[in-house]
Amino acid sequence: MQKIDTLISARWVIPVNQRRDVLDHHSVAIANGAIIAILPTSEAVAQYAPNEHVELADQALIPGFVNTHGHAAMALFRGMADDLELMTWLTGHIWPAEGKWVSYDFVADGTLLAAAEMIRSGTTTFSDNYFFPDASANSVIKAGMRAQLCFPIIDFPTAWAPTPDQHIDQGLKVMEQYQNHSHIKVNFGPHAPYSVSDEPLLRIKALAEQHQVGIQMHVHETQGEVDDEVAKRGSRPIRRLKELGLLGPNFQAVHMTALSPEDIDDIAETGAHVMHCPESNLKLASGFCPVDTLQKRGINVSLGTDGAASNNDLDMLGEMRTAAMLAKAVAQSAVALPAHEALAMATINGARALGWDTQIGSLEVGKRADITAISLADLESQPIFDPVSHIVYTSSRNQVTYVWVDGKTLLNNRELTTLDKDVIIKNAQQWRDKIQAD
């Protein structure tokens, strides 16, 4: 028998491959952090001698979720400024709070809080857009996750840097530090078309091409934003970005709620990706992303939670369910974004958007063993005709039982293995007390 590190046997293996298979009574064999085989459990136990055999009756294995947009450290602002319009929320509450409280330690502690929540929700990879990305990177490594860290660039001073050029210069240092790291990618994160002028955008474009990295940006988040930019510049933001040369396969457009047919043409023609954040958009009344229309144009649409200050959770299972149902309402079609495609948005589409799809995002031989297990044994899941339907429309994050990254266990029967839950809760409460006392 062949010795391997781990064998995971489950009632269902849902690889999210091109065939959209659902495999009954299968096992995933793992060696050196990679998937070396997916085969019927009866064959696996005869063929392999694992150091560890995890047997998960009535559970489903899926690829770890890929959360493609968020602001992890803002978990420490969760619930601080609810029920407000976007610009009131941003300019009247969030930006002032960031100016006062954001620091290296704030970002380190906030990212650990977010990482713990995401692991317990089945997420293995996330994209972050926040200040002090070096602090975020340290927390990601401690948690054992993967992350794309998009360092912010904005025209006005922040807690991290006083000018756009200094934001870029500091970000480049972090990019150099992690350029060969297997779990960390550092990309450019200009805030939005209305908050970043042409000169820094052109510099970002040139540097992104030079370093062969991506650009993530909030784009067309609201109709008001688009109208203001048209009045100010005489063109829609997406067209401006296209004319500046930013749109392309390495561009990640977040939100995308106020779109004309011409906007969609520009995205489709350039191969840019769309990061859909349905719950944040709903909570801030920002608008609706036309997911079905985008997908029919061949545009890659992934899923993100946004930050916990505007969601207010980092739960990809909940986000996936909201996305599936909202897509149907927006398209006025019950067949828009069916369950398996919603699961793809939360996994392989996200990996594709982040440029990690050859390594993660689906359970296939040769890919890294980034895996989430979801229990479907509870009364509320019965009876089970289609486990994918249950995962998208019925399951909650409390049903996530195990999480692996590179075959390493990050969540073991609901218990975190790399992070101390009690310490993280205590730190979060201390930050709350300081902020409330101000």
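How many of the residues of strand 6, which covers residues 123-129, are buried? Before I answer, please keep in mind that we are looking at a predicted model. The answer is that 7 of its 7 residues are buried, and the strand is mostly covered.

Let me stay with strand 6 for a moment and describe its partners. Strand 5 is joined to strand 6 by 3 bridges, and these two strands run parallel; within this pairing, valine 66 has threonine 125 of strand 6 as its bridge partner. Strand 6 also pairs with strand 7, residues 146-153, again in the parallel sense, this time over 5 bridges, and here serine 127 is matched with glutamine 148 in strand 7.

A residue that touches this part of the model is alanine 72, which sits in the loop between strand 5 (65-67) and helix 2 (86-101). Is alanine 72 buried or exposed? Because its relative accessibility is 5%, and the cut-off for buried is under 20%, alanine 72 counts as buried. Leaving aside residues up to four places away in sequence, alanine 72 touches Gly110, Thr111, Ala114, Phe126 and Asp128. Alanine 108 is 36 residues away along the chain, yet its C-alpha atom is separated from that of alanine 72 by 9.6 Å.

Now let us turn to another sheet. This one is an open sheet of 8 strands, with mixed pairing, and its order is 3-2-1-4-13-14-15-16. Its edge strands are strand 3 (34-40) and strand 16 (415-416), each of which pairs on one side only. Within this sheet, strand 1 (residues 2-13) and strand 2 (residues 23-31) are antiparallel and share 7 bridges, and threonine 6 has isoleucine 30 in strand 2 as its bridge partner.

Further along that order we come to strand 13, residues 371-375, where 5 of its 5 residues are buried. It helps to recall that, in a regular strand, the side chains alternate between the two faces of the sheet. In strand 13 both faces are covered, with Ile371, Ala373 and Ser375 buried on one side and Thr372 and Ile374 buried on the other. Strand 4 (residues 48-63) runs antiparallel to strand 13 and is joined to it by 5 bridges, with leucine 61 having alanine 373 as its bridge partner. Strand 13 also pairs with strand 14 (residues 400-405), in the antiparallel sense and over 4 bridges, and there isoleucine 374 stands opposite valine 400.

Next, a helix. Which residues of helix 8, residues 237-244, are buried? They are Pro237, Ile238, Arg240, Leu241 and Leu244. Seen down the axis of helix 8, these buried residues fall within an arc of 160°, so they line one face of the helix. The elements that cover them include helix 6 (198-211), strand 9 (215-219), helix 7 (223-233), strand 10 (251-255) and helix 9 (261-270). After helix 8 comes glycine 245, which has a positive phi, near 90°.

Finally, let us look at the surface, where Leu282, Phe288 and Val330 make a nonpolar patch of about 240 Å². Valine 330 belongs to helix 12, residues 316-331, and with a relative accessible area of 33% it is partly exposed.

Key:
Residues are numbered from 1 along each chain as its sequence is written. This is a predicted model: local features need pLDDT of at least 70, side-chain atom pairs count only at pLDDT 80 or more; totals for chains, interfaces and linings use all residues. Side-chain values use heavy atoms; hydrogens and water are left out. Patches are made of residues with over 30% relative accessible area and no salt bridge: like charges are joined within 9 Å, nonpolar side chains (Val, Leu, Ile, Met, Phe, Trp, Tyr) within 5 Å. Accessible areas come from the Shrake-Rupley method with a 1.4 Å probe; for residues, only the protein chains shown count as cover. A salt bridge is a side-chain nitrogen of Lys or Arg within 4 Å of a carboxyl oxygen of Asp or Glu. Buried means under 20% relative accessible area, exposed over 50%, partly exposed in between (1.4 Å probe, protein chains only). Two strands pair if DSSP finds at least two bridges between them. The arc is that of the directions from the helix axis to the C-beta atoms. Contact means heavy atoms within 4.5 Å.
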